[in-house]
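Work through the exercises below with the structure open beside you, and try each task before reading its solution.

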Amino acid sequence: MPIVVWQLVFFVFPLLFLLLMSFWLVKNYRMVPGFDSVNWIKMYGKGYFWDGYWRTLGYAGITTVITSVLAFPCAFTLAFKVSPTVRRWAMFFLIVPFFTSYLVRIFSWQIFLNDNGIINVLLGLVGLGPFSMLNTFFGTVVGYLTLCLPLAVVLQLISLSNVDRRLIEAAHNLGCGSFRTVFAVIIPLAKIGIIVAAVFCFILSFGDFVSPYYLGGSKPPTLSILIIDTTKSGQQWPRAAVVAITMIVTLFTIMFTAIALAYRRR
Amino acid sequence: MIRAKAYDGLFFFYVALVFVFVFLPILTSFVFSFNSERFPTIPLGHFTLHWYTLAFTDADVWDAFRVSLIVSLSVAFIATFLGFCTAYTDYRYNFFGKSAYLALSLLPPTIPLVIMGLAMLALLARIGMSGKIISIIVSHVVLCSPFAMAIVRMRLAQIDPNLESAAWNLGASQWRTMREVIVPFCAPALISAFCLTAAVSFDEFAVAWFVSGLNKTVPVIILEILQGNTDPRINAIGSVVFVTSITLIILAQIIYMRKSTRKTLTGF
Amino acid sequence: MPTNPAQPLVLFDHVTKRFGLTTAVDSISLEIFEGEFLSIMGPSGCGKTTTLRMLAGLEEPSEGDIQLAGERINNVTVSERDTPMVWQSLALFPFLNVIKNVEFGLKMRGVSATERRKRALDWLERLEIADFADREISQLSGGQQQRVALARSLVTEPRILLLDEPLSALDANLVVRMQGVLTKLQKELGITFVYVTHRQSEAFAMSDRVVIMNQGRIEQIDSAKGIYRNPATRFVAEFVGANNILTGTVIAADELIEIETPAGRFKCAENSDHTWSIGDTTSLVISADLIRLSTSAVNETNEMACRFISEEFVGSIVTVLAETPDGADFRIQLQQRELSELDLNVGATIYVRWDSHDAHLLRDTT
């Protein structure tokens, strides 16, 4: 079972080290091992940390909701209104971009959303705008969507395709209209997949730094940007570790809560 | 399928919108990589290969591609191997602590890359290993093995539960069975996992950025260029990267779909 | 093929298999002789498949010895035993074509490539599928795949072949055809077939001897006819054929044993090796197809008045369901012709009777 060894050494250990490191001190740009909770106290005392925390949490939360809502009609259509062949090809084409060039796509969005970018030019033709889209929350959301939307659609799609069609027919048969059936029957049945999709959206948007940095203007910073700032300029690795650990704990808590909720009452 | 045809058109339009949203940035990057204007907007300038030349006469860029290639291929091999071992162990054995074992193997994708990058950097720097190519490889294997494991595990789920027993029954030792039965059966999944992990590694920027130091991979170069002003070279580099990744992914998916549907037996 | 009275090829000596707290096989002892076609039959969960798997080495006995050709094989691994099996799901290798599947066992034994191919082709010809040698498995029909599975197991020319419900998933007409193939094959080769099934028709059609298992124990071992006509236990009587069982007490034990049951008094010939005493509890078993039916009393021994309930039309045979005087079910099998001549209505009184020598008594009444 070599993978256990590998994972232990290269995955668990670095994270544990991070935890350890959060208690170290930095003197003269060098780290000094020790056990001092000064980093934690200082970090948690800083206003900008908590600002960043709640902001990141809020961003991720909003993004999750938006992505889930936007993904659903697409996943629904692909699950119920197209042939299996089309569905397979659609999934194929959705999975492809997920693994490729997130950076380049963000860069493209930069171009699009720029004040002189394509969208504003087009809007200008009909006399609208220009709208400032870069360096705003809107830009960040667009970036997050680029990251999360395909995945959300795929995960929701898988769950929706596994819904037993006969239950839907039964609902119709008992007088439930098409629209109501979606909320009364289909969503509850696909609950797990929808929640899993949401959890992944949350994880991705919570930890991503590219979108808020390049499309959102990087100020005020999210936690991920905070880590980078703390690390790259100032070498304050222990402080960065504090932020990182806090993020992990938050994420795990949310993940477990979500999964517990999802599997409750099955 | 659910009936109601009237507003189905709306649904399809919506799906099209989603696809446009997903693919538009890629397309435009591709288009603008050939555009003469420095700043990408409409109307377009004329067709040119200028940016490609500019990008690829830069030694740094070539170096980065070299590093990326080495890293992604190494990662692909190691991650696929590890993923296969884990998947097979999960399939075949039931043992104490199995859930913990599985959780450990599948956890990496849930940790934000920034954090992984920081952790790896911290640890490796401490033991003097940061900035080396091997450090990137190691970090990426951690990230990519879960994907490989998932792919192989899915394939193993399709196997006739008696197939291994049949091989033993016909005189094959455990080791021989692995060689002659399990591996050939998993072949499409293994190839698929290889391509996928290579693609993921090739594209991964966050951890690489933290850990690579002077040995930069392509995404790291892109990040650095991004931090400067709008530089159309990115479109050129990005298009090449995209084409590479997408070829790998498409290969992975096609091989898996083709080989596994043709060669799966479901009894009769 | 007559059973060989000499040393058995396979011996199960008080073999038990437990899975955790469940006992799947409970101290069975069984001899399997060279050259016979033996079936192990029983309801699901009776332990028949576990028994077969233990013989193949896929399960290890918790207690007891298994011997193959006189040697104890408990510790011999699957790969080292020469007990090829034909699987219910066939377990053909999807990534190999037909002939490579068949060659597999030979390849494991280190036979050269040319030799392998020749022998594999021989077997494919024997099973009349040589034309498919280079095809992919998925291109074959169910019956053809069956034959490939057979060839694959037999190519190494083993002394014994194990079959785990191989015909369960086939269509009815294919089953009949394959039964013929298997029987013919076994007779030509003269090797031992151990065949596991839950279907009575398969076991009876092909076997020299049948083993009936229930809840991990062997209920009876006999030829098909023996089991059908002389079920040894209540379970076998209920599981095999269509038997009527009347439980009562022995009231006379002379040339004919007479028993008193809630449904009446009946006489039975003493054809078991058991000595009956007055007061013994016993069950009388009479097969539904040995019963005669009439609309008026004939006043012979072993006659009973029943109420006609319904008839079940299966083809040329009809099963009549009746109710005994004490309210139990009673089945009679007769030709469709005979029944129509009687012209019965629901609720009518019918008289059933049988010959004393056609019934027999069970030793246990559980």
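**Exercise 1. Confidence in chain A**

Find which element of chain A has the lowest confidence and which has the highest.

*Solution.* In chain A, the lowest confidence falls in strand β2 (residues 30-32), with a mean of 65, whereas the highest is found in helix α3 (residues 47-80), at 87. Since this is a predicted model, these values belong at the start of any reading. For chain A as a whole, the mean pLDDT is 80, and 90% of the residues reach 70 or more.

**Exercise 2. Two packed helices in chain C**

Describe how helix α2 (residues 98-108) of chain C packs with helix α3 (residues 113-126) of chain C.

*Solution.* Begin with the geometry: the two helices pack at an angle of about 125°, and their axes are 9 Å apart. An angle between 115 and 145 degrees is neither roughly perpendicular nor roughly antiparallel, and therefore α2(C) is oblique to α3(C). The crossing of α2(C) and α3(C) is right-handed.

Next, look at the residues that meet. From α2(C) come C:I99, C:V102, C:E103, C:L106 and C:K107, and their partners in α3(C) are C:R116, C:R117, C:R119, C:A120, C:L121, C:W123 and C:L124. Sorted by class, this contact of α2(C) with α3(C) holds seven nonpolar and five charged residues, with no polar ones.

**Exercise 3. The setting of one glycine**

Decide whether C:G142 is buried, partly exposed or exposed.

*Solution.* First locate C:G142, which lies in helix α4 (residues 142-154) of chain C. Then count its neighbours: 14 other C-beta atoms lie within 10 Å of C:G142. A buried residue would need 20 or more, and an exposed one would have 12 or fewer, so C:G142 is partly exposed. Finally, C:L174 is 32 residues away from C:G142 along the chain, and the C-alpha atoms of this pair are separated by 8.9 Å.

**Exercise 4. The two sides of chain B**

Work out how many residues of chain B are in contact with chain A, and how many with chain C.

*Solution.* Take chain A as the partner to begin with: 59 residues of chain B are in contact with 59 residues of chain A. On this side of chain B, the largest share comes from α1(B), with 13 residues, and the classes are 46 nonpolar, 11 polar and two charged residues.

Now turn to chain C, where 21 residues of chain B are in contact with 23 residues of chain C. Here α7(B) gives the most to the side of chain B, with five residues, and the residues of that side divide into 10 nonpolar, seven polar and four charged.

Notes: Residues are numbered from 1 along each chain as its sequence is written. Chains are lettered from A and ligands numbered from 1 in the order in which they are written. This is a predicted model: local features need pLDDT of at least 70, side-chain atom pairs count only at pLDDT 80 or more; totals for chains, interfaces and linings use all residues. Axes are lines fitted to C-alpha atoms, for helices over the stretch in contact, and angles run from 0 to 180 degrees between N-to-C directions. Helices (H or I, at least four residues) and strands (E, at least two) are DSSP runs, numbered from the N terminus. Angles under 35 degrees count as roughly parallel, over 145 as roughly antiparallel, 65 to 115 as roughly perpendicular and the rest as oblique. A crossing is left-handed if the near helix is turned anticlockwise from the far one by less than a right angle, and right-handed if clockwise. Two residues are in contact if their C-beta atoms, placed from the backbone, lie within 7 Å. Ala, Val, Leu, Ile, Met, Phe, Trp, Tyr, Cys and Pro count as nonpolar, Asp, Glu, Lys and Arg as charged, and the others, Gly among them, as polar. pLDDT is the predictor's confidence in each residue, from 0 to 100.
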